[in-house]
Structure formats: C-alpha cells, structure tokens
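Q: Please take a close look at one part of the model below, its side-chain contacts. Go through them in one connected account, with the cut-offs behind each term.

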Amino acid sequence: MYVVYSFPNMILPLLGGIFLDKIGIKSGLMLFTIILTIGQLVFAFGVSEELYWLTLLGRFIFGLGGECMTVAQSTIVSQWFKGKELAFAFGLNLSVSRLGSTFNGLIEPPLAENKSLTAAVFLGFGVCCFSFLAAIGLVCVDSYADKRDGGKAQLSEDDKFKWSDIKGFKLPFW
C-alpha cells in the first residue's frame, strides 16, 4: 500500500510546488487537503467492502494530495516565520507530523483488533477531516493576516519557477 502512496510522490512535490506558484498557496493547500481526504475516504470504503482495487485507488488518490499538501504547509510556514524562528517552526511542524504517525501506530492496531479494521480506517478518515478543518482555519488566519498587514506575500517574477531555470542548477544540486 505504501508503494501506491509513494509512487505519485516521486514527481508530484516538484510539480505541486510549480502548481502552487500558479494557483496560490491557500488554494493549493485546500485542494491538496481535499484530495488527501477523498483518498482516505475511498480507501476506507475499499477496506469496508473488501475491494482491494478500491483500497489501492484510495491510497493512490491519498498520495496525490499528501506530499503536495506538505509543500503548501512548508511554504506557509516560510512566509510566517523568518530567521531563527523558521528552523524552529519547520521542526515543530515535522514533530507534530511524526507525533501523528506515532499515535496512528499506537491507536489503529488495537482499534482494528478490538473493534474492526473498518473502524480503524474510518478513524483515519476522521483525522483527515480534522486536518481539512485545520486547513480551513489556517487559510482564514492567513487571510486575516494578509488584510491586517495590507497585502499578501507575493512571489516576484524573478522568484517564480521557470522551466528554463533548471539548466542553471549547478552540479551539487543534482
């Protein structure tokens, strides 16, 4: 199952970053969170109906949103924090993510064993719904900050991705 999640994420975070430059961070965050949540719902239905192909499809859809959502979150963090605060904010963001993975590993197996596998994966869907609500809250707070500060952070034309920039990347990058 993890391979199906990982497969789209070999390339998508690169393309997701470019896509975020085009549609905007807030819109991208919402889009990727919705895709992720839909993927978990499809996966949960696949488990509940014992349809292996549907579980694979759900994991693939989940993967389409997963790492691109992380790119959007990281971009927002980099807009909000500067200097020494930035490293701490990234570290905190990553720690909370790993904490969620740890709780998942501790809660899901006993739930699946004592209740059902379906209950466990639908709990995962509930967590994704909470994440979606948190994304809405983040977008609202960020929009409020934009209004309060008199504008939103924009990329200059020099900072926007251009395919022609790739040929300028030095060997250590590759």
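A: The account below starts with the overall frame, then takes the charged contacts, and then the rings.

This is a predicted model, in which local features need pLDDT of at least 70 and side-chain atom pairs count only at pLDDT 80 or more, while totals for chains, interfaces and linings use all residues. Residues are numbered from 1 along each chain as its sequence is written, and side-chain values use heavy atoms, with hydrogens and water left out.

The protein has six helices and zero strands (DSSP runs numbered from the N terminus: H or I of at least four residues for helices, E of at least two for strands). Along the sequence this gives the pattern α-α-α-α-α-α. The C-alpha trace spans about 55 × 40 × 25 Å along its principal axes. Of the 174 residues, 28% are buried (under 20% relative accessible area with a 1.4 Å probe and protein chains only; over 50% is exposed, and partly exposed lies in between).

Charged contacts come next. Side chains of opposite charge can pair when their charged atoms come close. The model has three salt bridges (a side-chain nitrogen of Lys or Arg within 4 Å of a carboxyl oxygen of Asp or Glu). Asp142 and Lys26 form one of them, with an N to O distance of 3.5 Å. That pair links distant parts of the chain, since Asp142 is in helix α6 and Lys26 is in helix α3, 116 residues apart. Asp142 counts as buried because its relative accessibility is 4%. Lys26 has a relative accessible area of 19%, so it is buried.

Lys26 also meets Asp146 in a salt bridge, at 2.4 Å from N to O. Here again distant parts of the chain are linked: Lys26 in helix α3 and Asp146 in helix α6 are 120 residues apart. Asp146 lies in helix α6, which covers residues 117-148, and both Lys26 and Asp146 are buried. For Asp146 the relative accessibility is 15%, so the residue counts as buried. The side chains of Asp146 and Lys26 are also joined by a polar contact of 2.4 Å (a pair of N or O atoms within 3.5 Å; within protein, one must be able to donate a hydrogen and the other to accept it, and residues adjacent in sequence count only if both atoms are side-chain atoms). Lys26, Asp142 and Asp146 are thus linked in a network of salt bridges.

Another salt bridge, between Asp149 and Arg148, has an N to O distance of 3.2 Å. Asp149 counts as exposed because its relative accessibility is 54%. Arg148, at 56%, counts as exposed as well.

Now the rings. There are four aromatic pairs (ring centres of Phe, Tyr or Trp, with its six-membered ring, within 6.5 Å; planes under 30 degrees apart are stacked, over 60 edge-to-face, and the rest tilted). Tyr2 and Tyr5 form a tilted pair, with 5.6 Å between centres and 35 degrees between planes. Both residues lie in helix α1 (residues 2-6), three residues apart, about one turn of the helix. Tyr2 counts as exposed because its relative accessibility is 61%, whereas Tyr5 is at 11% and therefore counts as buried.

Phe19 and Phe32 also pair in a tilted arrangement, at 6.1 Å centre to centre and 55 degrees between the planes. This pair links distant parts of the chain, with Phe19 in helix α2 (residues 12-23) and Phe32 in helix α3 (residues 25-48), 13 residues apart. Phe19 is partly exposed because its relative accessibility is 35%, while Phe32 has a relative accessible area of 5% and is buried.

Tyr2 and Tyr5 belong with Phe62 to one aromatic cluster. Arg59 lies over the face of Phe62, 4.7 Å from the ring centre (a charge sits over a ring if NZ of Lys or CZ of Arg is within 6 Å of the ring centre and within 35 degrees of the ring normal). The charged end of Arg59 also sits over the ring of Phe43, at 4.0 Å from its centre.

Phe60 lies in helix α4 (residues 52-80). Its relative accessibility is 31%, so Phe60 counts as partly exposed. Together with Phe7, Met10, Ile11, Leu14 and Leu15, Phe60 makes a nonpolar surface patch of about 630 Å² (patch residues have over 30% relative accessible area and no salt bridge; nonpolar side chains, meaning Val, Leu, Ile, Met, Phe, Trp and Tyr, are joined within 5 Å, and like charges within 9 Å). The areas come from the Shrake-Rupley method with a 1.4 Å probe, and for residues only the protein chains shown count as cover.
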